[in-house]
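Work through the exercises below with the sequence and the coordinates open, and try each task before reading its solution.

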Amino acid sequence: MKVRLLKTGHNSAYYNMGLDQALSEGVANGGDPVLKFYGWDPAAISIGYFQKMQEEVDTSKCKEYGIDIVRRITGGGAVFHDQELTYSFMIPIENELVRKPILESYEDICGGIIEGGKDLGIDIQFVPLNDLIVGGKKVSGNAQTRKGGVILQHGTILLSVDVDKMFELLLIPNEKIKDKMIATVKERVTSLSSQLGREFSFDEAVGVFERGFKRFFDKVEFVESEVTDQEDALARKYAEEKYSNEDWLFKM
Amino acid sequence: MKQIIYKVPGGKLLKLKAHLDGNLLNGIEIRGDFFMYPEDGVMKIQDFLVGKILDEQFVNNLSEFIMSEGIEVFGFGAQDIYDALT
């Protein structure tokens, strides 16, 4: 079995999400499964499908800082995408590489990340439904949707984390407990740089987790590939017409 | 209209907007950082809940509806909706 391996570098939130959709549709139309590694430029806040932008994000602060805001097609919570490696994995639900039930499929796809952690001497563990932790602290959040018979799972792997900045950009239900929440999140979240005690770069992370996925799915031939012109055009169309559209961003 | 933020024990953060007339639910919006498969299940659940009474049948009826529609929810359950509303 073949999986296309794409490294699309840093792009806007709208293009990143548009490309996820374009590639998922390609898999739904019979294309090979896809593993994609990417980052965010500018930094961005994404919110879950079931969240409301006005309730979660200080949009004027984001504008002031030049931070994109986007709504995902996947559930889950708000994420500040800054110093991180993001992956997307798209595979037909019927493909035997990944177990069908939702919980198990999260765990199977996260297996590539856990395997990558071993290269770094970091013991990453899966915590249902969608978290990966190191020493009890969250290092990766993952989110999945299923459309057209295809699983799209995307997730972030924190390279370093700025909790104070994140809380400047997010709205908190109760301002009075904001300081306490920030302290709690700082205790509960970690990054690969802080685990390693050195700066861990995006490029290094791509190499480590590419090897992780290759080892975890060792029956699979990963074929390094490029985004086709057609996929790129479709991704740009979705970025413009859907993901950056106010109807999508502020609906719910 | 009542806005309710409810932390599901061991689960996600539910944000509800509910139109309540006593214990009669006239409408509800369910938001939060949960997962639901398929995603449009949330609209079905919201529609189902219109006109429901918050009584001892509520949790069972909602659970059965979610199951019968083949909706899978991660992060809250029927009991949490009830607890958040009462």
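**Exercise 1: surroundings of an aspartate**

Leaving out neighbours within four places in sequence, Asp41(A) is in contact with His10(A) and Asn11(A), where contact means that the C-beta atoms, placed from the backbone, lie within 7 Å. The model is a predicted one, in which local features need pLDDT of at least 70, side-chain atom pairs count only at pLDDT 80 or more, and totals for chains, interfaces and linings use all residues. Residues are numbered from 1 along each chain as its sequence is written, while chains are lettered from A and ligands numbered from 1 in the order in which they are written.

Task: state where Asp41(A) is placed, and why Asp41(A) counts as it does in terms of exposure.

Solution. Begin with the location: Asp41(A) is in the loop between β2 and β3 of chain A, strands being DSSP runs of E with at least two residues and helices runs of H or I with at least four, both numbered from the N terminus. Next comes the neighbour count: Asp41(A) has 15 C-beta neighbours inside 10 Å and therefore counts as partly exposed, given that a residue is buried with 20 or more other C-beta atoms within 10 Å of its own, exposed with 12 or fewer, and partly exposed in between, with C-beta atoms placed from the backbone. Finally, consider a residue far along the chain: Glu175(A) is 134 residues from Asp41(A) in sequence, and the C-alpha to C-alpha separation is 29 Å.

**Exercise 2: cis peptide bonds**

Task: find which residue Asp41(A) is joined to by a cis peptide bond, and which residue Pro128(A) is joined to in that way.

Solution. As background, most residues other than glycine have a negative phi, and most peptide bonds are trans. The bond between Asp41(A) and Pro42(A) is cis, with omega about 5°, and Pro42(A) is found in the loop between β2 (34-40) and β3 of chain A. A cis peptide bond also joins Pro128(A) and Leu129(A), with omega about 5°; Leu129(A) lies in the loop between β7 (124-127) and β8 (131-134) of chain A.

**Exercise 3: a sheet and the core in chain A**

Task: give the strand order of the open sheet of 3 strands in chain A, then say which residues have the most contacts inside the largest nonpolar core.

Solution. The order is β4-β3-β5 (chain A), and the pairing is mixed, where two strands pair if DSSP finds at least two bridges between them. The edge strands β4 (68-71) and β5 (79-81) of chain A each pair on one side only, and the twist averages 25° from one strand to the next, with axes fitted to C-alpha atoms, for helices over the stretch in contact, and angles taken from 0 to 180 degrees between N-to-C directions. Helix α1(A) packs on this sheet, touching β3 and β4 of chain A, and its direction makes about 25° with that of β4(A). Strand β3 (residues 44-47) of chain A is joined to β5(A) by 3 bridges in the antiparallel sense, and Ala44(A) stands opposite His81(A).

For the core, Ala44(A) appears again: the largest nonpolar core has 80 residues, and those with the most contacts inside it are Ala44(A), Ile45(A), Val57(A), Met90(A), Ile157(A), Ala205(A) and Phe209(A). Such a core is a set of buried Ala, Val, Leu, Ile, Met, Phe, Trp, Tyr and Cys residues joined through C-beta atoms within 7 Å.

**Exercise 4: the sheet of chain B**

Task: order the 4 strands of the open sheet in chain B, and explain why one side of each edge strand is left without a neighbour.

Solution. The strands follow the order β1-β2-β3-β5 (chain B) with antiparallel pairing. Because β1 (2-7) and β5 (52-53) of chain B stand at the edges with a single partner strand each, one side of each has no neighbour in the sheet. Helix α1 (residues 41-49) of chain B packs on the sheet, touching β3 and β5 of chain B, with its direction at about 160° to that of β3(B). At the β1(B) edge, 6 bridges join β1(B) to β2(B) in the antiparallel sense, with Lys2(B) and Ala18(B) as bridge partners. These two strands form a hairpin with 5 residues between them, and Gly10(B) in the turn has a positive phi of about 70°.

Definitions and conventions
Two residues are in contact if their C-beta atoms, placed from the backbone, lie within 7 Å.
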